[in-house]
Structures are given as C-alpha cells and as structure tokens.
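This report goes through the domains, the interface between them, the ligand surroundings and the salt bridges of one chain. The sequence and the structure come first.

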Amino acid sequence: MTAHATFEEAIRKSELISADLSKNPQKYRVLTGDRPTGPLHIGHYFGTLANRVRLQNSGLESLILIADYQVLTDRDSVGQIAANVREILLDYLAAGLDPFKHKTIIFAHSAIPELNQLLLPFLTLVSVPELERNPTVKDEIKAAGLNIINAAMLMYPVHQAADILFCKGNLVPVGKDQLPHLELSRKIARRFNERYKNIFPEPDALLSEAPTILGLDGSQKMSKSRNNAIFLGASEDETAKLIKSAKTDADRQITYDPETRPEVANLLRLISLCTGQTPVQVADQIGDQGSGKLKALLTDSLNAYLAPMRKRRLEFAKNPGLVSKVLNMGNQRAREFAIKTLDEVRGAMGMIYG
Ligand code: TRP
C-alpha cells in the first residue's frame, strides 16, 4: 500500500472509531504520550489534552505515558527533567485527567523495565532501511539540526510500538505527524503475531479534529523550542504580555482569512476555541477596531477560559505528595500490564527455561 492510501485509510478508520467510542467504550484501551521537555502550552491543550479528558470522561481506560527516554533522541542532556515531569503532571491534573476518579493511568517509561525489554524482540522485526525512511524522524533530525544522529533517534518509533503494545493498547489519539510511527507499530504487531503467536492487537489512530495552533509568530506550530508558546500555567499578566507581542498585520479591518492573514486568523481561532463563537463571528464583532482590540479580546477570553484550570493547578502544586502519589500509582498499574505481556512474549518466543 502507498503511504497516501495508508493515510486515507487511517482517516477513514479514525472516523468509524469516533462514532463507535461512546457506544462501546469497553472495546478500547487508549494510550498516548508526551516527551517531558517542558511544561504544556495551549497548543497541547486544544490539540490533544482536551480530547484526552473527553475520552477519559466518557469511560475509556486511558494510559498516559511520560516518554522520558524519548527526550534524549535529539539532545545530549535531559535538562531539568524531574522539574519538567512535575510540571506536566500538574498540567494533566489541572486539565482534568483524574487517576483517582477514572480509569486513567499516568506513568513514565523509565519506571517500567518490562516495557523497555520489549524493544529487543521488536527490533528484530524491522529493517534498518525501514527506520531510515520514516518521514517524521527525518523532519525531527532536520528541525533539531543534528550533526550526529544517535541510534535512539532512529529506533524510537520501535520503542513507541513497545509503549503501545505493552498494555495491548488499541487506540492512539495522535496528530498526523505520528501516523508513520503508528503504521510501524501495526507492522510490528502483525509481524510478531505471524512469526510467533497471535497476542497483539493492531492499534488504530484517533486523529484529533482540532486545528493546528500556530505560535504567536503566526508562522510555525506553537512549540516551546520555538519560543512562541503560551503555557497553561502562565499567569494572567504573562499571558497578556505574550499576546501583546504576537505578530499581526497593519489592516485595521479584522477579517478571518487563513490564506492571506495567517497571524490574525490564528488569534481569531484561539478566541473561537475559548468562546465557542466561530472565527468569522469574532472577526465581525471586532470589525475595524484593529489588532489592539483583537489582542485585548484574546487576552480576556483566554485568561477567563484558563482561570479554573490555573486555579486548580496552583492548588495541586501546593500539595507536596500529590505528584509522586499519582506517578507511583500509575507506574505500579502500568508495570502489572508490562510484566504480563513480557511473560506472554517470552512464552511465545520459547524463551522460558527451567
Ligand atoms: N512521539 C510522541 C510525541 O513526540 C510521544 C510518544 C511517545 C507517544 N510514545 C508514544 C505518542 C506512544 C503516542 C503513543 O508527541
């Protein structure tokens, strides 16, 4: 199958599953993850986090992975990783992920040895050229401007298959850029099942409908490394200051035109996500009051929208044991899945002796 046909197929399948989710929540085990390279921003929230909370609240079992080993694919130092993990956890909890009330498991790679061991048999199921062809990996190598590519950069999509298959996850909410990785996970599941024994599901993507949120420069995706992000945990003043610095254009008549006015359109879309109006309605409301008014309106709507989340975040941050409690609980539950699956894998491979 060509990449294009696979992509179309993934979209079609994702739509079918979306329609089935609320009818048959017990059929699905969701797994997603984030690299802990910094706190989460509103691009993460509107792009994926809000959707994860929705899936959780509709009764789906959800495993959320903090992909800490994956941080080292494009850098030599983990940086402030412990602080980053804590910030992300606070973001998750503030956004509404709740492992105490729901079937939600939050865990980290490095705490689950049996998950990581799955990497070894999985590596024997893929070829080196297959890894070298991965378009998302190629983009990341380019974006990071790497002179030396470490082996984990090429292999992490295989590790990602272990992330998903260790718990027999069958539904992976992701953006389009992750589809090549998911295709590889499906291949690895299929090849293992054919070579040894049928134990793995072929996981499907659940593509999020939210538009890509551009950064405040209006030209690239919002991202911490591009310095164009508004963090969920930012204060109201920081948010106002960042929005003031956002790039717009000189035309005082505000219109929604993503093609010719991408910066203005991005700010209108953000207001729309906060207020529920359409971007065109927001533009009409601002009329000829220019980008000053546009920015003021975005500041007010975003700060109002994030206020309850930020309040919860501050409260959670004051509770010293909370973050470790959530992680310990999640690691323990994730590990139970991993131990069981690794046993099955070793059994299927004839690697249990004595
Ligand atoms: N590669 C993903 C990202 O950068 C993070 C990730 C790691 C992931 N393991 C995963 C996503 C497993 C989905 C499933 O966003």
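## Domains

The domain assignment splits the protein chain into domain 1 (3-212 + 322-348) and domain 2 (236-317). The structure is a predicted model. Between the C-alpha centres of domain 1 and domain 2 the distance is 31 Å. Domain 1 brings 13 residues to the contact, and domain 2 brings 12 residues.

## Area buried between the domains

About 1200 Å² is buried between domain 1 and domain 2. Carbon and sulfur atoms account for 69% of this area. On the side of domain 1, the most area is lost to domain 2 by I42, F46 and A94. Together these residues make up 43% of what that side buries.

## Polar and charged pairs at the interface

Two salt bridges are found across the interface of domain 1 and domain 2. The interface also has four residue pairs in polar contact, with both residues at pLDDT 80 or more.

Two helices, α2 (42-57) and α3 (81-95), each supply at least two residues of the side of domain 1 that touches domain 2. The most comes from α3, which gives seven residues to that side. By class, the residues on this side of domain 1 are nine nonpolar, one polar and three charged.

A salt bridge joins the side chains of R313 and E87, at 2.8 Å from N to O. R313 falls within the bounds of domain 2 and E87 within those of domain 1.

## Ligand surroundings

Which residues surround the ligand? They are L31, G33, R35, L65, A67, Q70, Q160, D163, I164, V172 and Q178.

Side chains of three of these residues have an N or O atom at a stated distance from a nitrogen atom of the ligand. For Q70 the distance from a ligand nitrogen to such a side-chain atom is 2.9 Å. For Q160 the corresponding distance is 3.1 Å, and for D163 it is 2.8 Å.

## Salt bridges in the structure

How many salt bridges does the structure hold? The count is 19. Side chains of opposite charge can pair when their charged atoms come close.

One of the salt bridges is formed by the side chains of K13 and D204, at 3.0 Å from N to O. This pair links distant parts of the chain, with the two positions 191 residues apart in numbering. K13 belongs to helix α1 (residues 3-21), whereas D204 belongs to strand β5 (residues 204-207).

Conventions: Residues are numbered from 1 along each chain as its sequence is written. This is a predicted model: local features need pLDDT of at least 70, side-chain atom pairs count only at pLDDT 80 or more; totals for chains, interfaces and linings use all residues. Side-chain values use heavy atoms; hydrogens and water are left out. Domain bounds come from an automatic or database domain assignment. Contact means heavy atoms within 4.5 Å. Buried area is the accessible area (1.4 Å probe) that two parts lose on being put together, summed over both. A salt bridge is a side-chain nitrogen of Lys or Arg within 4 Å of a carboxyl oxygen of Asp or Glu. A polar contact is a pair of N or O atoms within 3.5 Å; within protein, one must be able to donate a hydrogen and the other to accept it, and residues adjacent in sequence count only if both atoms are side-chain atoms. Helices (H or I, at least four residues) and strands (E, at least two) are DSSP runs, numbered from the N terminus. Ala, Val, Leu, Ile, Met, Phe, Trp, Tyr, Cys and Pro count as nonpolar, Asp, Glu, Lys and Arg as charged, and the others, Gly among them, as polar. A residue is near a molecule or strand if one of its heavy atoms lies within 4 Å of it.
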